[in-house]
Amino acid sequence: MSDAIVELRGVTRSYGSPPTVALNGVDLMVEEGEILAIVGPSGSGKTTLLNIVGSLDQATSGTTRIAGHDVTRMDDADLSALRAHTIGFVFQQFHLSDGVTALDDVATGLLYTGTPRRERRRRAASALERVGLGDRLHHHPHQLSGGERQRVAIARAVIGDPRLLLADEPTGSLDTRSGDAVMQVLGELADAGTTVVVITHDLALAARMPRRVRLRDGEVVADERGVAA
Ligand SMILES: Nc1ncnc2c1ncn2[C@@H]1O[C@H](COP(=O)(O)OP(=O)(O)OP(=O)(O)O)[C@@H](O)[C@H]1O
Ligand SMILES: [Mg+2]
């Protein structure tokens with residue numbers, strides 16, 4: 001047995017007919033506690049891959065094991081439970097609700113876990129502290145910078161202490177400095193033992209990651225280890 005938390009073998013995902021092939025025979029193993037970047041041109045299959053890893057979408061063929069579970073054999077209830085307890089998402093199109101403070105927004109991340117409200121708010125405050133926003137708990141989205149909003153989205157994704165954090169372009173709309181701050185937060189989570197898979201089109205950011213998986217036309221064309229120069 002390996003310690004792989006993500007184990008994809010020959011994963012293909014196609015849409016419609018005639019089929020658009022978004023992923024074509026992808027093999028990907030990720031060990032617990034790793035942090036890696038998924039890179040590749042627009043349309044190369046990055047989001048499709050992340051959605052399959054996060055069990056939001058299912059492969060057309062191939063095997064997908066997440067945290068030791070074969071997701072093709074799980075029903076919707078088990079998949080929801082896997083997502084609620086094991087996986088945190090930061091979406092490409094993140095959205096913070098207007099009129100909701102950072103604290104309440106993050107606390108909703110625990111809504112479906114049966115955690116009492118007081119405890120949800122206590123843990124939301126601590127998640128916001130983890131991402132360096134301990135002094136922004138009661139700010140509304142329009143009172144936060146883009147980088148701060150992205151860190152709220154990360155806090156919401158990690159409040160349940162997921163083993164696997166998946167982030168789709170978390171630095172996409174940010175300037176270099178805010179992007180660096182977001183990546184630093186992800187690095188700290190990985191140092192604390194969370195497995196982090198992050199999509200980025202920012203090659204300078206990716207170069208500083210210990211592993212880069214490169215997609216092109218739905219295929220893994222490179223899987224590089226070691227921080228690039
Ligand atoms: N629901 C869908 N129906 C049909 N085709 C789709 C669907 N979702 C994605 N695709 C196609 O699959 C391919 C991969 O899409 P995907 O969203 O994974 O790309 P991406 O690498 O995340 O791109 P970007 O960097 O622009 O976000 C694209 O060609 C896209 O048009
Ligand atoms: Mg995408």
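1. Two strands are taken as paired if DSSP finds at least two bridges between them. On that basis, six strands of this predicted model form an open sheet with mixed pairing, in the order 6-7-8-3-9-10. The edges are held by strand 6 and strand 10 (219–225); each has a single partner strand, so one side of each is left without a neighbour in the sheet. Between neighbouring strands of this sheet the turn is 15° on average, direction ignored.

2. Strand 3 (35–39) deserves a separate point. How many of its residues are buried? Five of the five residues of strand 3 are buried, so the strand is largely enclosed by the rest of the structure. In a regular strand the side chains alternate between the two faces of the sheet. Here Ile-35, Ala-37 and Val-39 point one way from strand 3, while Leu-36 and Ile-38 point the other way.

3. The partners of strand 3 are as follows. Strand 3 runs parallel to strand 8 and is joined to strand 8 by four bridges; Ile-38 stands opposite Ile-199 of strand 8. With strand 9, strand 3 pairs in the parallel sense over three bridges, and Val-39 stands opposite Arg-214 of strand 9.

4. Strand 8 (residues 195–199) is also joined to strand 7 (residues 164–168), by five bridges, and these two strands run parallel. Within this pairing, Ala-167 has Val-198 in strand 8 as its bridge partner.

5. Two helices lie across strands of the sheet. Helix 1 (residues 46–53) lies across strand 3, strand 6, strand 7, strand 8 and strand 9 (211–216), and runs at about 155° to strand 7. Helix 6 (residues 176–191) lies across strand 3, strand 7 and strand 8, running at about 155° to strand 8.

6. Is helix 1 mostly covered or mostly open? Helix 1 is mostly covered, with six of its eight residues buried. The buried residues in helix 1 are Lys-46, Thr-48, Leu-49, Leu-50, Ile-52 and Val-53; a lysine is thus among them. Just after helix 1, Ser-55 has a positive phi of about 60°.

7. Thr-48, a residue of helix 1, can be looked at in more detail. Buried means under 20% relative accessible area; Thr-48 has 13% relative accessibility and therefore counts as buried. Which residues does Thr-48 contact, leaving aside its neighbours within four places in sequence? They are Arg-13, Tyr-15, Ala-22, Leu-23 and Asp-57.

8. The largest pocket has a volume of about 620 Å³. Its lining takes in 30 residues, and Ile-87, Phe-89, Gly-109, Arg-156 and Ala-157 lie nearest the centre of the pocket. Two or more lining residues come from each of helix 2 (76–86), strand 6 (87–90), helix 3 (102–107) and helix 5 (146–158). Helix 2 gives the largest share of the lining, five residues.

9. As for the make-up of that lining, its residues divide into 14 nonpolar, 11 polar and five charged. Strand 6 appears in two of the points above: strand 6 stands at an edge of the sheet, and strand 6 is one of the elements that give two or more residues to the lining of the largest pocket.

Conventions. Residues are numbered from 1 along each chain as its sequence is written. Chains are lettered from A and ligands numbered from 1 in the order in which they are written. This is a predicted model: local features need pLDDT of at least 70, side-chain atom pairs count only at pLDDT 80 or more; totals for chains, interfaces and linings use all residues. Side-chain values use heavy atoms; hydrogens and water are left out. On a 1 Å grid over the protein atoms alone, a cavity is a set of points where a 1.4 Å probe fits but cannot get out, and a pocket is an open set with protein on both sides within 12 Å along at least five of seven lines; lining residues have an atom within 4 Å of a point. Grid points are joined across faces, edges and corners, and a volume is the space filled by probe spheres set on the points. Ala, Val, Leu, Ile, Met, Phe, Trp, Tyr, Cys and Pro count as nonpolar, Asp, Glu, Lys and Arg as charged, and the others, Gly among them, as polar. Axes are lines fitted to C-alpha atoms, for helices over the stretch in contact, and angles run from 0 to 180 degrees between N-to-C directions. Contact means heavy atoms within 4.5 Å. Buried means under 20% relative accessible area, exposed over 50%, partly exposed in between (1.4 Å probe, protein chains only).
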